[in-house]
Amino acid sequence: MSAKPEPPSTQDLPEPPSGPSVWTGREMRARTDWIGHMDRETLSRLEGKVDAFLAGGRPLAEMTAADMADPALERLVGGWRHELLEGRGFLLVRGMPVGEWAHEKTAAAYFGLGLLMGAPRSQNAAGHLLGHVRDLGLSTDDPRVRIYQTTERQTFHTDSCDVVGLLCLKTARTGGESAIVSSMAIYREMYESRPDLLAQLFHSFPTDRRGEIPPGKGPYFEIPVFNHYRGHLSAIYARRYITSAQKFDHARRLTPLEIEALDEFDRLANDPEMNLKMEFRPGDMQFLHNHTILHDRLAYEDWPEPARKRHLLRLWLAVPGARPLPPVYAERYGSVTVGDRGGIVVEGASPTVPLHP
């Protein structure tokens, strides 16, 4: 077994990345080019493909990219993918007619667009390829509960995939805004102001699996926050799970300097100058590149009526043309093979596409 690479000293830190993935919220609030719209022709093409699939009577879990094959749709989604992987790393697309189409049709349309972008990955131990972000009245005191199943704030984090997508079906009574921040911009700020702390984030941090344990693995894994590999700087982060991993007897205890580095990372992520908040409308789709973007969901107050409760559909995608990831990512992603990595895989789970939470 090869030795783990030593984290860089402050003199050997990789240069900050440049280009469109390094942005601030202040910059983005002055622009609208990150907002797109589904036009009538696109919706007509999408509807035709979905109607044809549903008429065949096959379950949604059997839908493939071939079922959605359409040159115009493929060009559109290909442009989205390019913007995610090579550009800003995020986009918001408005206009999915969630109030006009039946729920099954809406879910099929969204899942089909995801198939054109990449391969859906399991989002939990139940093997869900289509996730439901909705308050289930649960408590995060239970380690099996994920915070997206509650009304609590999520805090900035990444998910276990190349690209995460959300489709808003219904909004909360108050709150619940989405917040995103460029992890590349955070790196740049720490490189310039606190390189001593930035170097700490190349250490491997024990991170809690929260009970979703792949065969042969332990209850936590170890990975650095920042990883520089084959010319690409990537970030993977979940402060809650780094903190909760400290409960395990065999997990390495964090040093005061590492905790200070994590605190500085969080401070920058939460700086209003750095992050961008957006309020979803029904029919909005948001796509994020996990390796360069962190996301958060603010706390919210929901409607008392079950039929009005906040509800989003979620996709985790492994996308073709994605960047190479270092071998250590296999601890969380299962594999680092482009197009076939990410997701939560546990023994006994089989892929499924649930239409309801």
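Contact here means heavy atoms within 4.5 Å. Helices (H or I, at least four residues) and strands (E, at least two) are DSSP runs, numbered from the N terminus. Axes are lines fitted to C-alpha atoms, for helices over the stretch in contact, and angles run from 0 to 180 degrees between N-to-C directions. The model is predicted, with local features requiring pLDDT of at least 70 and side-chain atom pairs counting only at pLDDT 80 or more, while totals for chains, interfaces and linings use all residues. Residue numbers start from 1 along each chain as its sequence is written, and side-chain values use heavy atoms, leaving out hydrogens and water.

**View 1. Helix 5 across two strands.** Helix 5, residues 183-193, lies across strand 7 and strand 14. Its angle to strand 7 is about 50 degrees.

**View 2. An open sheet of three strands.** The strand order is 12-7-14, with antiparallel pairing; two strands pair if DSSP finds at least two bridges between them. Strand 12 (276-278) and strand 14 (293-297) are the edge strands, each pairing on one side only. On average, neighbouring strands of this sheet are turned by 25 degrees against each other, direction ignored.

**View 3. Strand 7 beside strand 12.** Strand 7 (residues 178-182) and strand 12 run antiparallel and are joined by three bridges. Isoleucine 180 has leucine 276 in strand 12 as its bridge partner.

**View 4. Surroundings of histidine 356.** Histidine 356 is in the segment after helix 9 (330-333). This residue counts as exposed because its relative accessibility is 53% (buried is under 20% relative accessible area, exposed over 50%, partly exposed in between; 1.4 Å probe, protein chains only). Not counting residues up to four places away in sequence, histidine 356 touches His103 and His132. Between histidine 356 and lysine 49, the C-alpha to C-alpha separation is 22 Å, with their positions 307 residues apart in sequence.
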